[in-house]
Amino acid sequence: MLKIVPDPPLDKLTLEDTLIQATDYALCAATVVHQALLLQPESPASILMMTSMHEMEALRALLESALLQVQTPTEPRTSH
C-alpha cells in the first residue's frame, strides 16, 4: 500500500531554517485569510478574519526580525 503523506525529512533543521519555514507558514496562513476576506467581505466572521490576518502579519514581522538576528554576523567583542 502506498503512503499518501511522505515521512518528514530526518535531517535536523537549523534555527535559521526553522525560522524561514515558520515565516513561510505564516505567509501561507495570511494568504488564505486574505482570500477568504475577498470571497466573503460582508461575512459576520470577517472581523475575526481581519484580526487573524493582523496577528499573522505581526507574527511574520517578529519571525523576520528573529531571522535577521540569526543571519547577522556577531562582531567580536573587545575585552578590557
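Helices and strands here are DSSP runs, with at least four residues for a helix and at least two for a strand.

**View 1. The whole chain, with two helices and zero strands.** This is a predicted model. Its radius of gyration is 19 Å, whereas a compact globule of 80 residues would come in near 12 Å. Laid along its principal axes, the C-alpha trace spans about 65 × 45 × 15 Å.

**View 2. The surface of the protein, about 7,200 Å² of it accessible.** Carbon and sulfur atoms account for 65% of that area. Buried residues make up just 16% of the 80 in the protein. As for who touches whom, take the contacts between residues at least 6 apart in sequence: 59% of them join residues at least 24 apart.

**View 3. The charged side chains, 4 positive and 10 negative.** Find the centre of each set and you'll see that the two lie 10 Å apart. For all those charges, the salt bridge count comes to one.

**View 4. A close look at the salt bridge between glutamate 64 and arginine 60.** The closest N and O atoms of this pair are 3.4 Å apart, which is a salt bridge because the cut-off is 4 Å. Both residues sit in helix H2, which runs over residues 46–71. They are four residues apart, or about one turn of the helix.

**View 5. How much of the glutamate 64 and arginine 60 pair is open to the outside.** Glutamate 64 has a relative accessible area of 35%, so it counts as partly exposed. Arginine 60 is partly exposed too, at 23%; buried would mean under 20%.

Definitions and conventions. Residues numbered from 1 in each chain as written. Predicted model: local features only at pLDDT ≥ 70, side-chain atom pairs only at ≥ 80, totals over all residues. Heavy atoms only, no water. Rg over C-alpha atoms; globule rule 2.2 N^0.38 Å. Buried < 20%, exposed > 50% of the residue type's maximum accessible area, 1.4 Å probe, protein only. Contact = heavy atoms within 4.5 Å. Areas by Shrake-Rupley, 256 points an atom, 1.4 Å probe, with all protein chains shown as cover. Lys, Arg positive; Asp, Glu negative; His and termini not counted. Charge placed at Lys NZ, Arg CZ, Asp CG, Glu CD. Salt bridge = Lys/Arg side-chain N within 4 Å of Asp/Glu carboxyl O.
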